[in-house]
Amino acid sequence: MGTFESSRDITIAAPRTVVHDLVDDFRQWESWSPWEDLDPAMSHEYSGPDRAVGDGTRATWTMTGQQNILMKVLFAVMRMDDRLGKDFEKGLRQLKARAEG
């Protein structure tokens with residue numbers, strides 16, 4: 001089995017604490033996630049602690065995982081890095097706009 005990785009990054013001209021608060025609290029993701037506007041009926045449920053850990057003004061969004069032969073072919077044919085990358089880039093732009101806002 002192989003692995004895949006898709007990653008994008010952006011520099012945000014905002015204090016680390018602002019960026020950190022937007023990324024660290026899942027409730028804040030609704031204000032910048034690229035997937036929020038895909039389904040107007042989407043609902044959210046949160047449990048557990050309000051915050052995680054992390055810091056920085058350089059934001060990198062990476063997805064990694066395992067893939068079997070079929071997934072490897074589909075990933076290449078469907079150009080999944082391009083598809084995921086567009087969503088990551090949109091989300092990072094929206095995060096940047098919200099943080100620098």
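Contact, as the word is used throughout this tour, means heavy atoms within 4.5 Å. The structure on screen is a predicted model, in which local features need a pLDDT of at least 70 and side-chain atom pairs count only at pLDDT 80 or more, while totals for chains, interfaces and linings use all residues. Residues are numbered from 1 along each chain as its sequence is written, and side-chain values use heavy atoms, with hydrogens and water left out.

**The whole chain**

Begin with the protein chain in cartoon view, where three helices and two strands can be found; helices (H or I, at least four residues) and strands (E, at least two) are DSSP runs, numbered from the N terminus. Followed along the sequence, the elements give the pattern β-α-β-α-α, and the C-alpha atoms fill a box of roughly 40 × 30 × 25 Å along the principal axes.

Next, colour by pLDDT, which is the predictor's confidence in each residue, from 0 to 100. The chain averages 83, and 92% of the residues score at least 70. Among the elements, H1 has the highest mean pLDDT, at 89, and helix H2 (residues 69–77) the lowest, at 80.

Among contacts between residues at least 6 apart in sequence, 83% join residues at least 24 apart. Buried residues make up 27% of the 101 residues, where buried means under 20% relative accessible area, exposed over 50% and partly exposed in between (1.4 Å probe, protein chains only).

**Helix H3**

Select H3, residues 80–100. Its 21 residues should span 30 Å at 1.5 Å a residue, and its end C-alpha atoms are 30 Å apart, which agrees; the expected span is 1.5 Å times one less than the number of residues. Now show the side chains of the buried residues of H3, which are Leu84, Gly85, Phe88, Gly91, Leu92, Leu95 and Ala99. They cover an arc of only 135° around the axis, which puts them on the same side of H3, the arc being that of the directions from the helix axis to the C-beta atoms. These buried residues pack against E1, H1, E2 and H2.

Turn to H1 for the other side of one of these packings: Val19, His20, Leu22 and Asp24 are buried there, and the buried residues of H1 pack against H3.

**Leu92 and the nonpolar core**

Centre the view on Leu92, which is found in helix H3 and counts as buried at 4% relative accessibility. What does Leu92 touch, not counting residues up to four places away in sequence? The residues in question are Arg8, Asp9, Ile10, Ala59 and Trp61. A further selection to try is Ser33, which is 59 residues from Leu92 along the chain, with the two C-alpha atoms separated by 8.1 Å.

Leu92 also belongs to the largest nonpolar core, which has 15 residues and in which Ile12, Ala59, Leu92, Leu95 and Ala99 touch the most other members. The elements giving two or more residues to this core are strand E1 (2–11), helix H1 (16–24), strand E2 (58–67) and helix H3, and H3 gives the most, with five. A nonpolar core is a set of buried Ala, Val, Leu, Ile, Met, Phe, Trp, Tyr and Cys residues joined through side-chain atoms within 4.5 Å.

**The aromatic rings**

Now select the Phe, Tyr and Trp side chains; their rings (for Trp, the six-membered one) pair if the centres lie within 6.5 Å, and planes under 30 degrees apart count as stacked, over 60 as edge-to-face and the rest as tilted. The structure holds seven aromatic pairs. The rings of Trp32 and Trp61 have their centres 5.7 Å apart and their planes at 75°, so this pair is edge-to-face. Trp32 is in the loop between H1 and E2 and Trp61 in strand E2, 29 residues apart. Trp32 counts as buried at 3% relative accessibility, and Trp61 counts as buried at 13%.

Move on to Trp35 and Phe88, an edge-to-face pair at 6.5 Å centre to centre, with 80° between the planes. Trp35 lies in the loop between H1 and E2 and Phe88 in helix H3, so the pair ties together parts that are 53 residues apart in sequence. Is each ring residue buried or partly exposed? Trp35 is partly exposed, with a relative accessible area of 28%, whereas Phe88 is buried, at 0%. To finish with the rings, select Phe26, Trp29, Trp32, Trp35, Trp61 and Phe88 together, which ring pairs link into a cluster.

**A last stop in H2**

Finally, select Ala76 in helix H2, which is exposed, with a relative accessible area of 55%. Its C-alpha atom is separated by 36 Å from that of Arg16, 60 residues away along the chain.
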